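Me: I am new to this structure and should like a close look at a single part of it. Please take me through that part in one connected account.

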Amino acid sequence: MAVCWMLVLGGCGRQVAQQPTQQRAQPSSPPKPALKQAPPTPIAQEKEELGQQSWDPQWDVIVEQALSPEMLSTRAARGVRTFCPRFASMDEADKRAFWAYTFQALAGAEAGLKPTTNVRHTEPEVAVQDSVTKRTVRQQGLLQLTYMDAERYGCDFNWEQDRGLAEKSPARTILTPKNNLLCGVKILENQMLTQKKPLLSSSSYWVTLRPERPSYLVFAKQMKNVPAVCRAAMPAVEEARAKRPSGVPAAAATMPAHVASAN
């Protein structure tokens, strides 16, 4: 009997010792960031009124979830003062919405919000050979990117997979909105965080973000509906000054020829 009781007690001891292990809390996954839908740009509003394909709200989610913490910091705030003077004091969800709106405006200026836009420029400075396709560069997708951006920025474009598809096939990896937008986020983060340059820069990847170039006016026009929280309670004179960098004419511009004639 004594031996039996010792065995029973030993078993209980093992069970008690195992309980903390069984009740140990599982590691929790990091919380998902708070997201907000960005307002529509002027071109998105026009397309919706005409019943045409416009900006997909899911594209906001793609951009907002891809942002690094540094793009929500005071460091980034200095680079977007022209369009969002209150960026530093905004909450995280509003900051993410601002960036989603900015990429919507950029896609409007670059490709008219059309994911399959595919353009080959003839200007000598841009009509260079793509190091991946070995052909003359074509700017493609919502943000008018190239296959060699896969090498330069680590973008998820696969030329070997795409080369057998039609030039404007939505199945092409470079024309997939998610791939194109994620690549764009990497490019802009390189400009602002690695190169330490503001959103508007004379050496930006996108000509529409170069204030001294006429096509910048197309982008500026699309930034008209920037989230209201960016400018809440700003004096009228200060707001007018913030809308336009020095040296940039106040006149509006129309859609650039390369978008209107994209083939």
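At roughly what angle do the axes of helix H3 and helix H5 cross, and within what distance do they come?

Reply: The model is predicted, so local features need pLDDT of at least 70, side-chain atom pairs count only at pLDDT 80 or more, and totals for chains, interfaces and linings use all residues. Residues are numbered from 1 along each chain as its sequence is written, and side-chain values use heavy atoms, with hydrogens and water left out.

The axes of H3 (residues 57-66) and H5 (residues 92-111) cross at roughly 120° and come within 9 Å. Helices are DSSP runs of H or I with at least four residues, strands are runs of E with at least two, and both are numbered from the N terminus. An axis is a line fitted to C-alpha atoms, for helices over the stretch in contact, and angles run from 0 to 180 degrees between N-to-C directions. H3 and H5 are therefore oblique to each other; angles under 35 degrees count as roughly parallel, over 145 as roughly antiparallel, 65 to 115 as roughly perpendicular and the rest as oblique. The crossing of H3 with H5 is right-handed, a term used when the near helix is turned clockwise from the far one by less than a right angle. On the H3 side, the contact (heavy atoms within 4.5 Å) is made by Asp 60, Val 63 and Glu 64, and on the H5 side by Arg 96, Ala 97, Trp 99, Ala 100 and Phe 103. Sorted by class, these comprise 5 nonpolar, no polar and 3 charged residues. Here Ala, Val, Leu, Ile, Met, Phe, Trp, Tyr, Cys and Pro count as nonpolar, Asp, Glu, Lys and Arg as charged, and the others, Gly among them, as polar.

H3 also meets helix H8 (residues 177-194), with axes that come within 10 Å and cross at roughly 35°. This crossing of H3 and H8 is right-handed. H3 contributes Trp 59, Ile 62, Val 63 and Ala 66, which meet Pro 177, Lys 178, Leu 181, Leu 182, Val 185 and Glu 189 of H8. The residues of this contact divide into 8 nonpolar, no polar and 2 charged. Val 63 is named in the contact with H5 and in that with H8.

Beyond H3, the loop that leads to H4 holds Ser 68. Ser 68 is buried, with a relative accessible area of 14%; buried means under 20%, exposed over 50% and partly exposed in between, with a 1.4 Å probe and protein chains only. Apart from neighbours within four places in sequence, Ser 68 is in contact with Glu 189 and Leu 193.

The loop between H4 (74-79) and H5 holds Arg 86, which is partly exposed at a relative accessible area of 28%. Not counting residues up to four places away in sequence, Arg 86 touches Val 229, Cys 230, Arg 231 and Ala 232. Its C-alpha atom is separated by 6.2 Å from that of Arg 231, 145 residues apart along the chain. The side chain of Arg 86 also reaches the backbone oxygen of Val 229 at 2.8 Å.

H5 has a further role as a cover: together with helix H9 (216-222), H5 is included in what covers the buried residues of H2. Those buried residues of H2 (residues 42-49) are Pro 42, Ile 43, Ala 44 and Lys 47.

For the wider setting, the protein chain comes to 11 helices and 2 strands, and buried residues make up 45% of its 263 residues.

Terms used: A polar contact is a pair of N or O atoms within 3.5 Å; within protein, one must be able to donate a hydrogen and the other to accept it, and residues adjacent in sequence count only if both atoms are side-chain atoms.
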